[in-house]
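Here are my notes on this one, written with the ligand site up front and the strands after that. Have the viewer open while you read.

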Amino acid sequence: MLQFAKRLLPNQIKITLVLTHKIARTTLFSSNSISLETISDGYDDDDGGPMERDIKVYLARFKEVGSRTLKEVVHRMRDSGRPVDCIVYDSFLPWVLEVSKELGLLAAAFFTQSCAVDHIYHQVYKGDLKVPLSGDEILIPGLPPLKPEDMPSFVYVLGLYPSLFEAALDQFRGLEKADWVIDYMAKLSHVKAIGPTIPSMYLDKRLPDDREYGLSVYKPITGACMEWLNERQPESVIYVSFGSLAELGEDQMEELAWGLRLSNKHFLWVVRLSEESKLPKDFAQVTSKKGLIVSWCPQLEVLAHEAICCFITHSGWNSTLEALSLGVPMVAMPQWTDQSTNSKFVMDMWKMGVRAPVDDKGLVSREMIARCIREVVEGESGQEIKKNATKWKALAREAMSEGGSSEKNILEFVSSLIRSSNSLPMFPKENVEMNPN
Ligand SMILES: O=c1ccn([C@@H]2O[C@H](COP(=O)(O)OP(=O)(O)O[C@H]3O[C@H](CO)[C@@H](O)[C@H](O)[C@H]3O)[C@@H](O)[C@H]2O)c(=O)[nH]1
């Protein structure tokens with residue numbers, strides 16, 4: 001979202017990022033050009049994250065308190081001479097659309113997951129895809145044939161997270177009232193594909209100084225990681241991260257640890273502080289010559305480093321887009337939600353990695369991890385995967401560059417936003433010229 005916002009700034013569009021009080025307090029956000037406002041989710045002083053609470057109760061309270069405090073923010077901004085024209089909202093919070101329309105504002109839904117995943121949820125929402133799934137092969141128009149385990153986990157393991165599944169489907173509720181939908185799904189009439197949303201420095205380099213997102217959930221251990229990587233040979237290090245949410249079981253953690261050791265390659269492994277106790281005893285010491293384990297790293301900088309040859313990932317959408325944009329081959333170890341579908345695309349559509357298969361206990365064994373690493377970085381398969389990764393890197397750059405599909409969509413969004421906001425009854429304003437660059 002922030003990357004999209006940065007692309008609007010050169011067109012004289014002013015941006016305010018709205019976070020909950022709690023997220024604003026716990027993440028590191030910094031920007032000279034984007035202002036910050038905060039709203040309440042109803043749990044401002046609560047230390048437990050939403051996942052630790054009943055999700056359904058959390059989402060209902062967020063909607064109730066969030067709607068009220070968001071309206072207050074919009075009114076406050078108007079009273080202080082910063083009237084709002086349009087709210088670009090995370091599609092997982094469909095109540096923001098209702099708030100926007102009540103306030104007479106334009107609204108754009110921002111979808112944070114992949115086109116394929118959104119398309120699958122949309123099929124379920126419309127009733128065209130029935131759950132529970134039946135058969136071994138699922139055929140959905142516009143997508144390759146999918147096995148049940150290629151589907152988002154909420155669709156093929158029913159009943160595990162019913163409230164999150166409902167939230168995924170709710171993204172489409174009332175969507176016809178939105179003025180735009182920002183996503184990769186060009187098939188729905190007003191959808192605009194604007195990705196890959198990673199800092200310009202790694203793509204078209206046209207936004208000056210845009211090297212990082214400007215927001216981080218944890219503090220990265222930058223110096224130690226980069227110094228360690230600088231001492232490694234080109235294309236010799238496996239980077240391992242499971243993003244900001246996934247929690248591996250202790251047995252999976254153990255298999256992963258010894259799988260890395262078995263591969264005999266250097267590795268940089270992000271183990272969040274909350275996961276650290278699951279590492280096998282003494283593992284860090286035993287492998288200190290081969291590996292570096294950190295609690296968080298500057299992932300983009302790491303993926304762009306010449307020492308990295310492979311990324312073992314949970315296939316979160318941001319990590320997947322980052323690896324694709326930087327041409328890094330992947331070993332996918334999806335955990336839940338959209339990650340299984342992202343892994344399918346990594347392996348079978350883009351052919352820039354493999355999905356590590358699980359055994360009958362649901363674990364990826366240490367031998368399998370070592371085998372997948374070999375397949376991705378060595379021999380003919382490794383060369384083929386690297387060639388494809390390089391191709392996708394070039395295509396990502398092309399989309400964001402001048403004349404590319406995403407840049408065209410962003411400019412179209414800007415000009416239609418300016419046209420529509422000039423005709424809004426609530427907040428009359430002067431005409432603004434669009435920056436032709
Ligand atoms: O040490 C680290 C590890 C990660 N990251 C960053 O953290 C983000 C992780 O995002 P993502 O790969 O999407 O994973 P999650 O944080 O797990 O994201 C959640 O949200 C995504 C978007 O909806 C979904 O695709 C995922 O399945 C869901 O788990 C990326 O930008 C990484 O660059 C760092 O900066 N440093």
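1. Start with α12: this helix gives the shell around the ligand its largest share, 4 residues. Keep in mind that we're looking at a predicted model. α12 covers residues 317-326, and β9 (237-241) joins it on the list of elements that each supply at least two residues of the shell.

2. Which residues come nearest to the ligand? Of the 20 around it, the answer is Ser244, Cys297, Ser319, Glu322 and Asp338. Sorted by class, the shell splits into 11 polar, 7 nonpolar and 2 charged residues.

3. Now the polar contacts, which you'll probably want to click through one by one. Cys297 uses its backbone: a polar atom there sits 2.6 Å from a nitrogen atom of the ligand. His314 works through its side chain, with an N or O atom 3.0 Å from an oxygen atom of the ligand. Gln113 also brings in a polar side-chain atom, and that one is 3.2 Å from a ligand oxygen atom. As for cover, the ligand on its own has 700 Å² of accessible area, and the protein covers 87% of that.

4. On to the sheet that includes β9. It's an open sheet of 6 strands with parallel pairing, and the order reads β11-β10-β9-β12-β13-β14. Why do β11 and β14 each have one side without a neighbour in the sheet? Both stand at the edges, β11 at 291-294 and β14 at 353-355, and each has a single partner strand, so nothing in the sheet flanks the other side. Going from one strand to the next, the twist averages 15°.

5. Zooming in on one pair from that sheet: β12 (residues 308-313) and β13 (residues 330-332) run parallel and are joined by 3 bridges. If you want a spot to check by eye, take Thr313, whose bridge partner in β13 is Ala332.

6. Last, have a look at β4 and β5. β4 spans residues 86-90 and β5 spans residues 106-110, and the two pair in the parallel sense over 5 bridges. Ile87 is a handy marker here, since you'll find it opposite Ala107 in β5. What handedness does the β-α-β unit made by β4, helix α4 and β5 have? It is right-handed, with α4 taking up residues 95-102.

Definitions and conventions:
Residues numbered from 1 in each chain as written. Predicted model: local features only at pLDDT ≥ 70, side-chain atom pairs only at ≥ 80, totals over all residues. Heavy atoms only, no water. Near = heavy atom within 4 Å. Polar contact = N/O pair within 3.5 Å; in protein donor to acceptor, adjacent residues only side chain to side chain. Areas by Shrake-Rupley, 256 points an atom, 1.4 Å probe, with all protein chains shown as cover. Nonpolar A, V, L, I, M, F, W, Y, C, P; charged D, E, K, R; others polar. Pairing = 2+ DSSP bridges. Axes fitted to C-alpha atoms, helices over the stretch in contact; angles between N-to-C directions. Right-handed = clockwise from strand over helix to strand, strands pointing away.
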